Amino acid sequence: MQFMLLFSRQGKLRLQKWYVPQADKEKKKITRELVQTVLARKPKMCSFLEWRDLKVVYKRYASLYFCCAIEDQDNELITLEIIHRYVELLDKYFGSVCELDIIFNFEKAYFILDEFLLGGEAQETSKKNVLKAIEQADLLQENLDFQIRLFPGTVYNNPCRRQTCLLAISVCWFLISAGGPPSPLASSRTRLNPEVY
């Protein structure tokens with residue numbers, strides 16, 4: 001996948017994710033051309049179209065168009081399924097998602113997309129796993145916000161040290177979710193005995 005665009009029926013861009021580097025000027029030109037092309041199509045027309053040297057796959061959900069540009073050898077139906085899965089994830093997270101949810105919570109929409117797609121390819125197909133990762137990140141953010149309010153003027157309010165704290169907290173959460181750090185006794189019991197083999 002080259003890029004993904006979300007735009008309204010009025011042509012307002014709501015979300016954009018580029019997986020191939022482009023200059024800002026070129027991004028604006030591509031966005032403008034593609035939005036005009038898709039909006040000019042009739043509702044009964046096919047959701048696939050050839051545009052420049054790419055294939056464009058789009059789907060309209062309520063007042064939003066979800067549009068992806070893929071390379072010539074990529075499968076359009078899989079891309080359509082990726083769009084549908086992303087909409088399902090948004091719907092599950094926001095509870096009946098609408099355009100306003102994406103406008104006011106765009107960072108969450110980007111985060112869900114990043115958990116689902118990596119480099120333009122689906123990295124996790126399980127809705128349950130994606131939503132679990134998002135819930136953990138929400139919990140981590142709430143924990144950090146709570147600590148900032150609890151300890152004003154401390155290390156948490158320093159932007160340079162906040163990243164270090166966030167990393168330490170995420171490592172702790174990973175260890176907790178994995179069942180805690182490995183104990184030396186457990187690792188000695190599970191070692192392979194070379195004499196048996």
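# Getting to know the predicted chain

The chain has seven helices and seven strands, in a model that is predicted.

User: In what order do the elements of the chain run from the N terminus on?

Analyst: Happy to start there! The chain contains seven helices and seven strands. Read from the N terminus on, the order is β-β-α-β-β-β-α-α-α-β-β-α-α-α.

User: What percentage of the residues in the chain is buried?

Analyst: A residue counts as buried when its relative accessible area is under 20%. The chain has 197 residues, and the buried part of them comes to 30%.

User: How many salt bridges does the count come to?

Analyst: Some background helps here: side chains of opposite charge can pair when their charged atoms come close. In this model a pair counts when a side-chain nitrogen of Lys or Arg lies within 4 Å of a carboxyl oxygen of Asp or Glu. By this rule the count comes to eight.

User: Which residue meets Arg 52 in a salt bridge at 3.1 Å, N to O?

Analyst: Let's begin with the places of the two partners. Arg 52 sits in the loop between strand 3 (48-51) and strand 4 (54-61) and its partner in helix 1 (residues 24-39), so the bridge ties together parts 19 residues apart in sequence. Arg 52 is partly exposed at 43% relative accessibility, and the partner is partly exposed too, with 26%. The residue that meets Arg 52 at 3.1 Å is Glu 33.

User: Which residues do salt bridges with shared partners join into one network?

Analyst: One bridge in the model pairs Arg 52 with Glu 33. In Asp 138, by contrast, we have a residue of helix 5 (residues 127-150), and its pairing with Lys 108 in helix 4 (residues 106-116) ties together parts 30 residues apart in sequence. The network built on shared partners is made of Glu 26, Glu 33 and Arg 52.

User: Is Lys 55 buried or exposed?

Analyst: Lys 55 forms a salt bridge with Glu 76, at 3.0 Å from N to O. The pair links distant parts of the chain, with Lys 55 in strand 4 and Glu 76 in helix 2 (residues 76-94), 21 residues apart. Glu 76 is partly exposed at 23%. Lys 55 has a relative accessibility of 8%, so this residue counts as buried.

User: How far apart are the closest N and O atoms of Asp 138 and Lys 108?

Analyst: First, the surroundings of each residue. Asp 138 is buried, with a relative accessible area of 14%, whereas Lys 108 is partly exposed, with 21%. In their salt bridge, the closest N and O atoms are apart by 2.3 Å.

User: Are helix 2 and helix 4 parallel or oblique to each other?

Analyst: Their axes come within 10 Å and cross at roughly 130°. An angle over 145 degrees would count as roughly antiparallel, and 65 to 115 as roughly perpendicular. The crossing angle of roughly 130° fits neither range, so the two helices are oblique.

User: How many nonpolar residues are in the contact of helix 2 with helix 4?

Analyst: Residues of helix 2, including Ile 82, Leu 89 and Phe 94, meet residues of helix 4, among them Ala 109, Ile 112 and Phe 116. By class, this contact has no polar and two charged residues, and the number of nonpolar ones is eleven.

User: Where is Ser 96 found?

Analyst: Ser 96 has a positive phi of about 60°, although it is not a glycine. Ser 96 is also exposed, with a relative accessible area of 56%. Its place is the loop between helix 2 and helix 3 (99-104).

Technical notes:
Residues are numbered from 1 along each chain as its sequence is written. This is a predicted model: local features need pLDDT of at least 70, side-chain atom pairs count only at pLDDT 80 or more; totals for chains, interfaces and linings use all residues. Side-chain values use heavy atoms; hydrogens and water are left out. Helices (H or I, at least four residues) and strands (E, at least two) are DSSP runs, numbered from the N terminus. Buried means under 20% relative accessible area, exposed over 50%, partly exposed in between (1.4 Å probe, protein chains only). Axes are lines fitted to C-alpha atoms, for helices over the stretch in contact, and angles run from 0 to 180 degrees between N-to-C directions. Angles under 35 degrees count as roughly parallel, over 145 as roughly antiparallel, 65 to 115 as roughly perpendicular and the rest as oblique. Contact means heavy atoms within 4.5 Å. Ala, Val, Leu, Ile, Met, Phe, Trp, Tyr, Cys and Pro count as nonpolar, Asp, Glu, Lys and Arg as charged, and the others, Gly among them, as polar.
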